[in-house]
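Q: I should like to learn how the packing of a protein model is read, one feature at a time. Where should we begin?

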Amino acid sequence: MVQKRRRGTELTEAIYQATREILENDGLSALTFPKIATAAGTSKPVIYRRWDSPFSLAIAAVQDKIKLENHGRMDELKLTGTSLRADLSQLLQRFIISMNAFGQSYTNTFFNGMSKQQNEVIQKMIDEATAIDISALNQVLKRAKERGELATTEMSNDLKLLPFEWLRYHLFVNENVSRVNLTALIDDVLIPSYQHATGTPK
């Protein structure tokens, strides 16, 4: 029986899945375009035309996994909370899903022994993720202002990125974040800091 030729999204997902399986089973050093093509049931030219290097494809495949498990990008999340606290909790719980999708194994894979070119690819990924994080938090702050919980949404990007950087740290040191930890971050650090930064009475 002749295998049906896949195209478009179906083919891309097969390539991403094959890439992730090789990464998880054999590591980045074993990742080659011929090996991916064989695992995905496609031809090498198809992959060579779309990605510059196996490393670039690896990044794209992991980002795809994060979006799949997170049902889209962080800044596409439909917030449903009725308070700043609830919106922050919803957003950061979704961010934890992203971190878990990336996983400690991927952290070790991508940050050990990278070349200069690979560092540039990682930096681009980090820059894109930072922009998405800020965009997502801006939505939370906008809703808080509309409810009268904050006087303004104006604050530094460093403060906006604080919860995401805090959570990433726990990923890098391989520590789980409990609901108690997350609640303390929101109640004891984030909300007081946002109130102070925006001149909002407590």
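Q: In which helix does Pro163 lie, and is Pro163 buried or exposed?
A: The model is a predicted one. One first places the residue in its element and then considers its accessibility. Pro163 belongs to helix α7. Its relative accessible area is 0%, so Pro163 is buried.

Q: Which residues does Pro163 touch, not counting residues up to four places away in sequence?
A: Neighbours along the chain are set aside, and the remaining partners are then listed. For Pro163 these are Leu92, Leu185, Leu190 and Tyr194. A distance between C-alpha atoms gives a further view of the surroundings: Pro163 and Leu137 are 26 residues apart in sequence, with 9.6 Å between their C-alpha atoms.

Q: How should the arrangement of α7 and α8 be read, and at what angle do their axes cross?
A: One reads the approach of the axes, then the angle, then the hand. The axes of α7 and α8 come within 10 Å and cross at roughly 165°. Angles over 145 degrees count as roughly antiparallel, and α7 and α8 are therefore roughly antiparallel to each other. Their crossing is right-handed.

Q: Which residues make the contact between α7 and α8?
A: On the α7 side they are Leu159, Leu162, Pro163, Trp166 and Leu167. On the α8 side they are Asn181, Leu182, Leu185, Val189, Leu190, Ser193, Tyr194 and Ala197. Sorted by class, this contact of α7 with α8 has 11 nonpolar residues, 2 polar ones and no charged ones.

Q: How many residues has the largest nonpolar core, and which have the most contacts inside it?
A: A core is described by its membership, its best-connected residues and the elements that supply it. The largest nonpolar core has 31 residues, and Leu88 and Tyr194 have the most contacts inside it. The elements giving two or more residues to this core are α5 (84–111), α6 (116–146), α7 (157–172) and α8 (179–198).

Q: With which residues is Tyr194 in contact, leaving aside its neighbours within four places in sequence?
A: The partners of Tyr194 are Leu84, Leu88, Leu137, Leu141, Leu150, Met155, Leu159 and Pro163. Apart from the core just described lies another, of 21 residues, among them Phe33, Ile36, Leu57 and Ala58.

Q: Where does Ser89 lie, and which residues does it touch beyond those up to four places away in sequence?
A: The same order of reading serves here: element, accessibility, partners. Ser89 is in helix α5. Ser89 counts as buried because its relative accessibility is 18%, and the cut-off for buried is under 20%. With sequence neighbours up to four places away not counted, Ser89 touches Leu182 and Ile186. Ser89 and Leu182 are 93 residues apart along the chain, yet their C-alpha atoms are separated by 7.5 Å.

Q: At what angle do the axes of helix α1 and helix α2 cross?
A: The reading again goes from axes to orientation to hand. Helix α1 (residues 8–26) and helix α2 (residues 33–40) have axes that come within 8 Å and cross at roughly 120°. That makes α1 oblique to α2. The crossing in which α1 passes α2 is right-handed.

Q: Which residues of α1 and α2 meet?
A: From α1 come Ala14, Ile15, Ala18, Thr19, Ile22 and Asp26, which meet Lys35, Ile36, Ala39 and Ala40 of α2. By class, the contact of α1 with α2 has 7 nonpolar, 1 polar and 2 charged residues.

Q: Are Ala18 and Thr19 buried or exposed?
A: Each is judged by its own relative accessibility. Ala18, in helix α1, has 3% and so counts as buried. Thr19, also placed in helix α1, counts as buried because its relative accessibility is 0%.

Q: What are the contacts of Ala18 and Thr19, leaving aside neighbours within four places in sequence?
A: Ala18 is in contact with Ile36, Ala39 and Ala40. Ala18 and Ile36 are 18 residues apart in sequence and 6.0 Å apart in space, C-alpha to C-alpha. Thr19 is in contact with Leu31, Ile36, Leu57, Ala58 and Ala61.

Q: How many helices and strands has the chain, and what share of its residues count as buried?
A: Totals for the chain set the individual cases in context. Its secondary structure comes to 8 helices and 0 strands. Of its 202 residues, 44% count as buried. Among contacts between residues at least 6 apart in sequence, 69% join residues at least 24 apart.

Methods: Residues are numbered from 1 along each chain as its sequence is written. This is a predicted model: local features need pLDDT of at least 70, side-chain atom pairs count only at pLDDT 80 or more; totals for chains, interfaces and linings use all residues. Side-chain values use heavy atoms; hydrogens and water are left out. Axes are lines fitted to C-alpha atoms, for helices over the stretch in contact, and angles run from 0 to 180 degrees between N-to-C directions. Helices (H or I, at least four residues) and strands (E, at least two) are DSSP runs, numbered from the N terminus. Angles under 35 degrees count as roughly parallel, over 145 as roughly antiparallel, 65 to 115 as roughly perpendicular and the rest as oblique. A crossing is left-handed if the near helix is turned anticlockwise from the far one by less than a right angle, and right-handed if clockwise. Contact means heavy atoms within 4.5 Å. Ala, Val, Leu, Ile, Met, Phe, Trp, Tyr, Cys and Pro count as nonpolar, Asp, Glu, Lys and Arg as charged, and the others, Gly among them, as polar. A nonpolar core is a set of buried Ala, Val, Leu, Ile, Met, Phe, Trp, Tyr and Cys residues joined through side-chain atoms within 4.5 Å. Buried means under 20% relative accessible area, exposed over 50%, partly exposed in between (1.4 Å probe, protein chains only).
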